[in-house]
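Trainee: I am new to this one. May I ask how each label is earned?
Mentor: Please do. Have the picture in front of you first.

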Amino acid sequence: MNTEVDHLHLAGDKKKTIENIVSKIKNPKILELGVHHGVSTKLFLEICEKNDGYLTSIDIKDDSSVSNSSKWKFILSSDDNFEYIEKFLEHKFDLLLIDSLHDPDHIQKVFYFYYNFVKVGGIILIDDISWLPYVMNSVFNNEYIENTNREIFLKILEIYNSNIDNFSLSFDFKDTGLAILRKKNENLNECKKMISREYSFKNTIKKFIYKPKPKL
Ligand SMILES: C[S@@+](CC[C@H](N)C(=O)[O-])C[C@H]1O[C@@H](n2cnc3c(N)ncnc32)[C@H](O)[C@@H]1O
């Protein structure tokens, strides 16, 4: 992923949205997957300093120099090295940010593992769920990210469709988008494939023949 695009991930409006969510939590315990230059890390640490919180971050690259705050623990590891990471997770978290490897299967894998470490009532944020800035002739015009972010969005919907009673879900489409989930209970069902009828024979016919008429 190029740096110019990375830079905009948590810029402006979206950063404000995250700040509004996190600053409402008393003594926030935050878990972050993906540090990089530390835009979200620094935002979380600012809030942790103010509200007596604590941030734990994981990255596959050594980003430990991003901060020397006493409110921060950095774990150098792939976030799916669960056996290794579990030893560091001593408590449940109020907030989880998933912003590491932007791949739908990886997101599903880490979501299902770290969900158990989020408190009931806690929030899970998944970054970069919008493909709109990447479509042709849009600001970033990047076919790979356009398709990946759309797949991530659909994957989140698929997980949600199997778990409607277990967490709430909303999407913020500012910038590169953010999924906002709130855990309702400790249950989490396996993700079942949604069978789309988008390309069914009936729907194809409908596109050409059927046009709804206004009801009088
Ligand atoms: C989009 S950047 C994170 C941006 C950061 N949250 C911010 O707002 O500035 C993605 C980061 O995830 C890290 N990463 C990629 N795959 C990973 C994995 N499997 N486990 C942990 N970190 C990973 C990359 O090294 C990179 O630093």
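Trainee: How many residues surround the ligand, and which are the closest?
Mentor: Remember that this is a predicted model. In it, 21 residues surround the ligand. The closest are G34, H36, V39, S40 and L101.

Trainee: What makes a residue part of that shell?
Mentor: Its C-beta atom, placed from the backbone, lies within 6 Å of the ligand. Helix 3 (39–51) and strand 2 (54–59) each supply at least two residues of the shell. By class, the shell holds seven nonpolar, eight polar and six charged residues.

Trainee: How many helices and strands does the protein have, and in what order do the elements run?
Mentor: There are seven helices and seven strands. From the N terminus, the order is α-α-β-α-β-β-α-β-α-β-α-β-β-α. The C-alpha trace spans about 65 × 40 × 35 Å along its principal axes.

Trainee: In what order do the strands sit in the sheet?
Mentor: The seven strands form an open sheet in the order 3-2-1-4-5-7-6, with mixed pairing.

Trainee: Which strands are called edge strands, and what makes them so?
Mentor: Strand 3 (72–76) and strand 6 (167–172) are the edges. Each of them pairs on one side only. From one strand to the next, the twist averages 15°.

Trainee: How do you know that strand 4 and strand 5 pair?
Mentor: Pairing takes at least two bridges between two strands. Strand 4 (residues 93–98) and strand 5 (residues 118–127) are joined by five bridges and run parallel. One bridge partner in strand 5 is L125, which goes with L97. Strand 1 and strand 2 also have five bridges, in the parallel sense. There K29 stands opposite Y54 of strand 2.

Trainee: Which strands do helix 3 and helix 5 touch or cross?
Mentor: Helix 3 packs on the sheet and touches strand 1 (29–33), strand 2, strand 3 and strand 4. Its direction makes about 165° with that of strand 2. Helix 5 (residues 104–114) lies across strand 1, strand 4 and strand 5. Helix 5 runs at about 170° to strand 4.

Trainee: Why is strand 2 called largely enclosed?
Mentor: Six of its six residues are buried, so strand 2 is largely enclosed by the rest of the structure. Y54, T56 and I58 point one way, and L55, S57 and D59 the other. In a regular strand, side chains alternate between the two faces of the sheet.

Trainee: Why does K14 count as buried?
Mentor: The cut-off is 20 or more other C-beta atoms within 10 Å. K14 has 23 such neighbours, so K14 counts as buried. K14 is found in helix 2 (residues 12–22).

Trainee: Which residues is K14 in contact with, beyond its sequence neighbours?
Mentor: Setting aside residues within four places, K14 contacts D172, K174, D175 and L178. K14 and S170 are 156 residues apart in sequence, yet 14 Å apart in space, C-alpha to C-alpha.

Trainee: Which residues touch the most other members of the largest nonpolar core?
Mentor: That core has 39 residues. F44, L96, I98, I124, L125 and I126 touch the most other members. Beyond four places in sequence, I126 touches I98, I107, I156 and A179. In soluble globular proteins, nonpolar side chains tend to be buried together.

Trainee: What share of the protein is buried?
Mentor: Buried residues make up 34% of the 216 residues.

Technical notes. Residues numbered from 1 in each chain as written. Predicted model: local features only at pLDDT ≥ 70, side-chain atom pairs only at ≥ 80, totals over all residues. Helix = DSSP H or I, 4+ residues; strand = E, 2+ residues; numbered from the N terminus. Nonpolar A, V, L, I, M, F, W, Y, C, P; charged D, E, K, R; others polar. Core = buried A, V, L, I, M, F, W, Y, C linked by C-beta atoms within 7 Å. Buried ≥ 20, exposed ≤ 12 C-beta atoms within 10 Å, placed from the backbone. Contact = placed C-beta atoms within 7 Å. Axes fitted to C-alpha atoms, helices over the stretch in contact; angles between N-to-C directions.
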